[in-house]
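User: I keep seeing labels attached to residues, and I'd like to know where they come from. Can you walk me through some?

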Amino acid sequence: MKAVKTLPELRSARISLQEPVGFVPTMGYLHDGHLSLAKQARNECASVVVSIFVNPAQFGPKEDLSAYPRDLARDLALLEAAGVDLVWTPTTEVVYPFGYQTWVVVEEVSQPLEGSMRPGHFRGVATVVAKLFNAVQPHKAYFGQKDAQQVAVIRRMVTDLNFPLEVIACPIVREPDGLAMSSRNVYLDLEERSAATILYRALMSAKGMFLAGERDASSLRQAIMEILDREPRARVQYVSVAHPETMDELEGEIEHALCSLAVFIGKTRLIDNIVL
């Protein structure tokens, strides 16, 4: 495995990679969810590239950029064990050099849910992913379903800007008790970690109702909220039953939907979702 920092180093190393190339963009502090993306890329592609870059453009002024966990040596060891061929670890100055002023904005699908709670977040996501795609030139790019709206935004961008690649959403990897793996889980203390399982239990309640025949979107949202209300440490930002591609909120009877939620457990903001 080769690790590079600069854009010329990346482009030089990219030339020698066998194709097709699979790409996994990350912000580091890797867990089994990230590694599952790298392993799927390894199974489907001749070469695998991973980027590690904590993107300041997708953090709001009150969010946890400075505190975001980092452990590059550990990350590189995990990626080498996973069979990754090339890792790009650019600095902020490489990605956003002095005078940088060009941004990618995906309009409608970026606006609800995460977009409404985190203004500017998806502008930062779309911009950095576009730059990563341009630099790496992959044939397939792998993202986790946990960030379902992010996947929808990136797919829209890829279609609209004619990127010649396939965006692949990989299943959420969970802890044995159902908590979706996230780099931010490290912020939870023991009591908060126990309380955080309420997100998955609320989603599974809605899934159980759906499988039993419930199709009313409002009833499903209400069922999720009722479960979340049982946990005193949970502070709900949103509960959604939306179209899985447009993120438009659904009403009345549904056939297919993305149930998603954002909840603070203590000071830690967690998101999760399930597709019905």
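Analyst: Sure, let's take the labels one at a time; just keep in mind that this is a predicted model.

User: Why is the pair of Phe-53 and Tyr-96 called tilted?

Analyst: Their ring centres are 6.3 Å apart, and rings pair if the centres lie within 6.5 Å. The planes stand at 50°, while stacked needs under 30 degrees and edge-to-face needs over 60. An angle of 50° fits neither, so the pair is tilted.

User: Where in the chain do those two sit?

Analyst: Phe-53 is in the loop between β3 and α3, and Tyr-96 is in the loop between α4 and α5. They are 43 residues apart, so the pair links distant parts of the chain. Both residues are buried, too.

User: And what makes Tyr-100 and Trp-103 an edge-to-face pair?

Analyst: The same two checks work here. The centres are 5.4 Å apart, which passes the limit of 6.5 Å. The planes are at 85°, and over 60 counts as edge-to-face. The rule gives eight aromatic pairs in total.

User: Is Trp-103 buried or exposed, and how do you know?

Analyst: Neither one, really! Its relative accessible area is 32%; buried means under 20% and exposed means over 50%, so Trp-103 lands in between as partly exposed. Tyr-100, with 24%, is partly exposed as well.

User: What sits over the ring of Trp-103?

Analyst: That's the charged end of Arg-123, 4.0 Å from the ring centre. Elsewhere, the charged end of Arg-215 sits over the ring of Phe-210, at 3.8 Å from its centre.

User: Why does Thr-268 count as buried?

Analyst: Its relative accessibility is 5%, and the cut-off for buried is under 20%, so the label follows. Thr-268 is in strand β9. Leaving out residues up to four places away in sequence, Thr-268 touches Arg-184, Tyr-187, Leu-188 and Val-263.

User: How do you know that Arg-118 and Glu-63 meet in a salt bridge?

Analyst: Check the N to O distance: it comes to 2.8 Å. The rule asks for a side-chain nitrogen of Lys or Arg within 4 Å of a carboxyl oxygen of Asp or Glu, so this pair qualifies. Arg-118 lies in the loop between α5 and α6 and Glu-63 in the loop between β3 and α3, so the bridge ties together parts that are 55 residues apart in sequence. Arg-118 counts as buried at 13%, whereas Glu-63 counts as partly exposed at 29%.

User: Which residues are linked with those two in a network of salt bridges?

Analyst: Glu-114 and Arg-269 join Glu-63 and Arg-118 there. Glu-114 forms a salt bridge with Arg-118, with the closest N and O atoms 4.0 Å apart. Arg-269 meets Glu-114 at 2.7 Å, N to O.

User: How many residues are in contact between domain 1 and domain 2?

Analyst: 15 residues of domain 1 contact 14 residues of domain 2. About 1,000 Å² is buried between the two domains, and carbon and sulfur atoms give 63% of that. Leu-113, Glu-114 and Met-117 supply 47% of the area that domain 1 buries against domain 2, more than any other three residues. The rule finds one salt bridge across this interface.

Conventions:
Residues are numbered from 1 along each chain as its sequence is written. This is a predicted model: local features need pLDDT of at least 70, side-chain atom pairs count only at pLDDT 80 or more; totals for chains, interfaces and linings use all residues. Side-chain values use heavy atoms; hydrogens and water are left out. Rings of Phe, Tyr and Trp (its six-membered ring) pair if their centres lie within 6.5 Å; planes under 30 degrees apart count as stacked, over 60 as edge-to-face and the rest as tilted. Helices (H or I, at least four residues) and strands (E, at least two) are DSSP runs, numbered from the N terminus. Buried means under 20% relative accessible area, exposed over 50%, partly exposed in between (1.4 Å probe, protein chains only). A charge sits over a ring if NZ of Lys or CZ of Arg is within 6 Å of the ring centre and within 35 degrees of the ring normal. Contact means heavy atoms within 4.5 Å. Buried area is the accessible area (1.4 Å probe) that two parts lose on being put together, summed over both.
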